[in-house]
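Here is a short tour for someone meeting this structure for the first time. Have a look at it, then read on.

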Amino acid sequence: MLEEGYTHLYTGNGKGKTTAALGLTLRAAGAGLRSIIIQFMKGQHYNELNSIEKLSGLIQIEQYGSKKLCRVDDESYDEHYRLCQDGLVRAHEIIDDDRFSIIILDEIVTAFQFKMVAMDKIIEIIRRRPKNKELVLTGRGATQEIIDICDLVTEMKEIKHYYNKGVLARIGIEI
(Lines give C-alpha, C1' and ligand atoms only; values in the text may rest on other atoms or scores of the structure.)
Protein backbone atom coordinates (compact mmCIF):
# COMPACT_ATOMS: atom_id res chain seq x y z
CA MET A 1 0.00 0.00 0.00
CA LEU A 2 1.15 3.55 -0.64
CA GLU A 3 2.02 5.96 2.17
CA GLU A 4 0.58 8.92 0.30
CA GLY A 5 -1.64 8.83 -2.76
CA TYR A 6 -2.71 11.53 -5.19
CA THR A 7 -5.38 12.14 -7.81
CA HIS A 8 -4.25 12.26 -11.46
CA LEU A 9 -6.18 13.55 -14.46
CA TYR A 10 -5.21 12.68 -18.05
CA THR A 11 -7.32 14.76 -20.43
CA GLY A 12 -7.18 16.50 -23.80
CA ASN A 13 -7.97 15.70 -27.42
CA GLY A 14 -4.72 13.85 -28.08
CA LYS A 15 -4.00 10.14 -28.05
CA GLY A 16 -2.52 8.52 -24.95
CA LYS A 17 -4.77 9.12 -21.94
CA THR A 18 -5.69 5.48 -21.35
CA THR A 19 -2.19 4.40 -22.37
CA ALA A 20 -0.68 6.66 -19.69
CA ALA A 21 -3.01 5.16 -17.08
CA LEU A 22 -2.12 1.64 -18.21
CA GLY A 23 1.57 2.52 -17.99
CA LEU A 24 1.09 3.56 -14.38
CA THR A 25 -0.54 0.21 -13.57
CA LEU A 26 2.32 -1.61 -15.28
CA ARG A 27 4.89 0.29 -13.21
CA ALA A 28 2.87 -0.37 -10.04
CA ALA A 29 2.66 -4.10 -10.85
CA GLY A 30 6.45 -4.16 -11.10
CA ALA A 31 6.54 -2.83 -7.52
CA GLY A 32 3.98 -5.43 -6.37
CA LEU A 33 1.08 -2.96 -6.09
CA ARG A 34 -2.40 -4.01 -7.19
CA SER A 35 -4.49 -1.84 -9.51
CA ILE A 36 -8.05 -1.85 -10.77
CA ILE A 37 -9.19 -0.18 -13.98
CA ILE A 38 -12.88 0.65 -14.29
CA GLN A 39 -13.58 1.57 -17.91
CA PHE A 40 -16.60 3.75 -18.64
CA MET A 41 -18.19 3.67 -22.11
CA LYS A 42 -15.88 0.85 -23.23
CA GLY A 43 -17.29 -2.60 -23.86
CA GLN A 44 -15.40 -3.61 -26.96
CA HIS A 45 -12.43 -5.94 -26.88
CA TYR A 46 -9.08 -4.15 -26.91
CA ASN A 47 -5.73 -5.92 -26.93
CA GLU A 48 -4.73 -4.33 -23.63
CA LEU A 49 -7.31 -6.71 -22.12
CA ASN A 50 -5.12 -9.60 -23.33
CA SER A 51 -2.06 -8.05 -21.70
CA ILE A 52 -3.82 -7.36 -18.43
CA GLU A 53 -5.09 -10.93 -18.32
CA LYS A 54 -1.44 -12.04 -18.11
CA LEU A 55 -0.99 -9.78 -15.06
CA SER A 56 -4.35 -10.71 -13.53
CA GLY A 57 -2.89 -11.13 -10.04
CA LEU A 58 -1.88 -7.46 -9.96
CA ILE A 59 -4.09 -5.65 -12.47
CA GLN A 60 -7.84 -6.08 -12.76
CA ILE A 61 -9.99 -4.47 -15.44
CA GLU A 62 -13.75 -4.11 -15.60
CA GLN A 63 -15.69 -2.63 -18.50
CA TYR A 64 -18.90 -0.64 -18.08
CA GLY A 65 -19.86 0.17 -21.64
CA SER A 66 -21.75 -1.26 -24.56
CA LYS A 67 -20.01 -3.23 -27.28
CA LYS A 68 -21.56 -0.63 -29.62
CA LEU A 69 -20.06 2.77 -30.33
CA CYS A 70 -21.96 5.38 -28.34
CA ARG A 71 -24.35 7.48 -30.37
CA VAL A 72 -26.54 10.02 -28.59
CA ASP A 73 -29.45 9.46 -30.97
CA ASP A 74 -29.89 5.67 -30.80
CA GLU A 75 -30.47 2.84 -28.34
CA SER A 76 -26.75 2.49 -27.59
CA TYR A 77 -26.94 5.67 -25.50
CA ASP A 78 -29.41 4.13 -23.06
CA GLU A 79 -27.28 1.00 -22.78
CA HIS A 80 -24.10 3.03 -22.20
CA TYR A 81 -25.92 5.21 -19.65
CA ARG A 82 -27.12 2.20 -17.65
CA LEU A 83 -23.67 0.60 -17.73
CA CYS A 84 -22.00 3.88 -16.68
CA GLN A 85 -24.31 4.00 -13.66
CA ASP A 86 -23.20 0.45 -12.80
CA GLY A 87 -19.59 1.60 -13.17
CA LEU A 88 -20.21 4.48 -10.76
CA VAL A 89 -21.64 2.09 -8.19
CA ARG A 90 -18.57 -0.12 -8.62
CA ALA A 91 -16.22 2.88 -8.28
CA HIS A 92 -17.89 3.80 -4.98
CA GLU A 93 -17.53 0.20 -3.77
CA ILE A 94 -13.89 -0.13 -4.77
CA ILE A 95 -12.63 3.20 -3.39
CA ASP A 96 -12.37 1.69 0.11
CA ASP A 97 -11.18 -1.77 -0.99
CA ASP A 98 -7.78 -2.33 0.61
CA ARG A 99 -6.73 -4.82 -2.08
CA PHE A 100 -6.03 -2.00 -4.55
CA SER A 101 -3.42 0.76 -4.27
CA ILE A 102 -4.34 2.32 -7.63
CA ILE A 103 -7.81 2.97 -9.00
CA ILE A 104 -8.20 4.05 -12.62
CA LEU A 105 -11.55 5.50 -13.76
CA ASP A 106 -10.91 5.34 -17.48
CA GLU A 107 -13.08 7.63 -19.64
CA ILE A 108 -15.11 8.87 -16.66
CA VAL A 109 -14.56 12.45 -17.87
CA THR A 110 -15.87 11.49 -21.32
CA ALA A 111 -18.87 9.86 -19.64
CA PHE A 112 -19.53 13.22 -17.96
CA GLN A 113 -19.30 14.99 -21.33
CA PHE A 114 -21.94 12.56 -22.68
CA LYS A 115 -24.15 13.32 -19.63
CA MET A 116 -23.87 9.73 -18.38
CA VAL A 117 -22.13 10.59 -15.11
CA ALA A 118 -22.94 13.60 -12.93
CA MET A 119 -20.13 15.96 -11.90
CA ASP A 120 -21.08 15.71 -8.22
CA LYS A 121 -20.59 11.91 -8.37
CA ILE A 122 -17.07 12.34 -9.77
CA ILE A 123 -16.21 14.95 -7.13
CA GLU A 124 -17.58 12.68 -4.41
CA ILE A 125 -15.30 9.83 -5.50
CA ILE A 126 -12.28 12.16 -5.58
CA ARG A 127 -13.05 13.47 -2.08
CA ARG A 128 -13.57 9.93 -0.74
CA ARG A 129 -10.17 8.75 -2.00
CA PRO A 130 -8.29 7.33 0.96
CA LYS A 131 -4.98 9.05 1.71
CA ASN A 132 -2.98 5.93 0.76
CA LYS A 133 -4.51 5.37 -2.72
CA GLU A 134 -3.69 6.73 -6.14
CA LEU A 135 -6.76 7.70 -8.18
CA VAL A 136 -6.56 8.33 -11.93
CA LEU A 137 -9.30 9.86 -14.08
CA THR A 138 -9.12 9.91 -17.88
CA GLY A 139 -11.18 11.42 -20.68
CA ARG A 140 -11.52 14.35 -23.02
CA GLY A 141 -12.99 17.66 -21.97
CA ALA A 142 -12.20 17.95 -18.27
CA THR A 143 -13.92 20.90 -16.64
CA GLN A 144 -12.07 23.47 -14.57
CA GLU A 145 -13.76 22.03 -11.48
CA ILE A 146 -12.16 18.62 -12.05
CA ILE A 147 -8.81 20.18 -12.97
CA ASP A 148 -8.79 22.23 -9.76
CA ILE A 149 -9.51 19.28 -7.46
CA CYS A 150 -6.87 16.94 -8.96
CA ASP A 151 -3.25 16.90 -7.80
CA LEU A 152 -1.64 16.10 -11.17
CA VAL A 153 -3.15 17.15 -14.50
CA THR A 154 -1.74 16.20 -17.88
CA GLU A 155 -3.26 17.38 -21.15
CA MET A 156 -2.68 15.22 -24.21
CA LYS A 157 -2.73 17.64 -27.13
CA GLU A 158 -3.14 16.41 -30.67
CA ILE A 159 -0.65 18.12 -32.95
CA LYS A 160 -0.86 15.68 -35.84
CA HIS A 161 -2.55 12.30 -36.27
CA TYR A 162 -2.40 9.84 -39.17
CA TYR A 163 -6.12 9.18 -38.66
CA ASN A 164 -6.69 12.47 -40.49
CA LYS A 165 -5.04 10.86 -43.54
CA GLY A 166 -7.49 7.95 -43.45
CA VAL A 167 -5.41 5.49 -41.39
CA LEU A 168 -7.82 3.41 -39.31
CA ALA A 169 -7.14 1.94 -35.87
CA ARG A 170 -4.43 -0.72 -36.12
CA ILE A 171 -4.23 -3.95 -34.10
CA GLY A 172 -1.58 -3.71 -31.42
CA ILE A 173 -1.24 0.07 -31.76
CA GLU A 174 -4.67 1.64 -31.27
CA ILE A 175 -6.67 -1.53 -30.51
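## A walk through the model

Let's start with lysine 115, which counts as exposed at 65% relative accessibility. Keep in mind that this is a predicted model. Lysine 115 sits in the loop between α4 and α5 (119-128), and its phi is positive, about 60°, although the residue is not a glycine. Glutamate 107 also has a positive phi without being a glycine, with a value near 70°. Its loop is the one between β4 (102-106) and α4 (108-113). Is glutamate 107 buried or exposed? With a relative accessible area of 15%, glutamate 107 is buried, because buried means under 20%.

Now for the sheet. What is the order of its strands? The sheet is open, has 6 strands, and reads β3-β2-β4-β5-β1-β6, with parallel pairing. At the edges stand β3 and β6 (152-155), each with a single partner strand, so each has one side without a neighbour in the sheet. On average, neighbouring strands here are turned by 15° against each other, direction ignored.

Two helices can be placed on this sheet. Helix α2 packs on it by touching β2 and β3, and the direction of α2 makes about 145° with that of β3. Helix α5 lies across β1 (7-11), β4 and β5, and runs at about 160° to β5.

Some of the strand pairs can be listed side by side.

| Strand pair | Bridges | Sense |
|---|---|---|
| β4 and β5 (residues 134-138) | 4 bridges | parallel |
| β1 and β5 | 4 bridges | parallel |
| β1 and β6 | 4 bridges | parallel |

Individual residues show how these strands line up. Isoleucine 103 stands opposite leucine 135 in β5. Tyrosine 10 has threonine 138 of β5 as its bridge partner, while threonine 11 is partnered by glutamate 155 in β6.

Strand β1 deserves a stop of its own. Of its 5 residues, 5 are buried, so β1 is largely enclosed by the rest of the structure. Which of them point which way? Thr7, Leu9 and Thr11 point one way from β1, and His8 and Tyr10 point the other way. In a regular strand, side chains alternate between the two faces of the sheet.

Back to the helices, this time one side after the other. In α2 (residues 47-54), the buried residues are Glu48, Leu49 and Ile52. They cover an arc of only 105° around the axis, which puts them on the same side of α2. The face turned away from that buried side carries the exposed residues Glu53 and Lys54. Cover for the buried residues of α2 comes from elements including α1 (17-30), β2 (35-40) and β3 (59-64).

Helix α5 can be read in the same manner. Its buried residues are Met119, Ile122, Ile123, Ile125 and Ile126. Why do they line one face of the helix? Seen down the axis of α5, they fall within an arc of 160°, so they line one face. Asp120 and Arg127 are exposed on the face turned away from the buried side. The buried residues of α5 pack against β1, α3, β4, α4, β5 and α6 (144-149).

What about the nonpolar interior? The largest nonpolar core has 30 residues, and those with the most contacts inside it are Phe40, Leu105, Ile108 and Leu137. At least two residues of this core come from each of β2, α3 (75-94), β4, α4, α5 and β5. Take isoleucine 108: apart from its neighbours within four places in sequence, this residue is in contact with Phe40, Leu88, Val117, Ile122, Leu137 and Thr138. There is also a second, separate core of 13 residues, which includes Ala29, Leu33, Ile37 and Ile52.

Our last stop is threonine 18, placed in helix α1. Threonine 18 counts as buried at 11% relative accessibility. Setting aside its neighbours within four places in sequence, threonine 18 is in contact with Gln39, Lys42, Glu48, Asp106, Glu107 and Thr138. How far is threonine 18 from aspartate 120? Their C-alpha atoms are separated by 23 Å, and the two are 102 residues apart along the chain.

Note on methods:
Residues numbered from 1 in each chain as written. Predicted model: local features only at pLDDT ≥ 70, side-chain atom pairs only at ≥ 80, totals over all residues. Heavy atoms only, no water. Buried < 20%, exposed > 50% of the residue type's maximum accessible area, 1.4 Å probe, protein only. Arc of directions from axis to C-beta. Contact = heavy atoms within 4.5 Å. Pairing = 2+ DSSP bridges. Axes fitted to C-alpha atoms, helices over the stretch in contact; angles between N-to-C directions. Core = buried A, V, L, I, M, F, W, Y, C linked by side-chain atoms within 4.5 Å.
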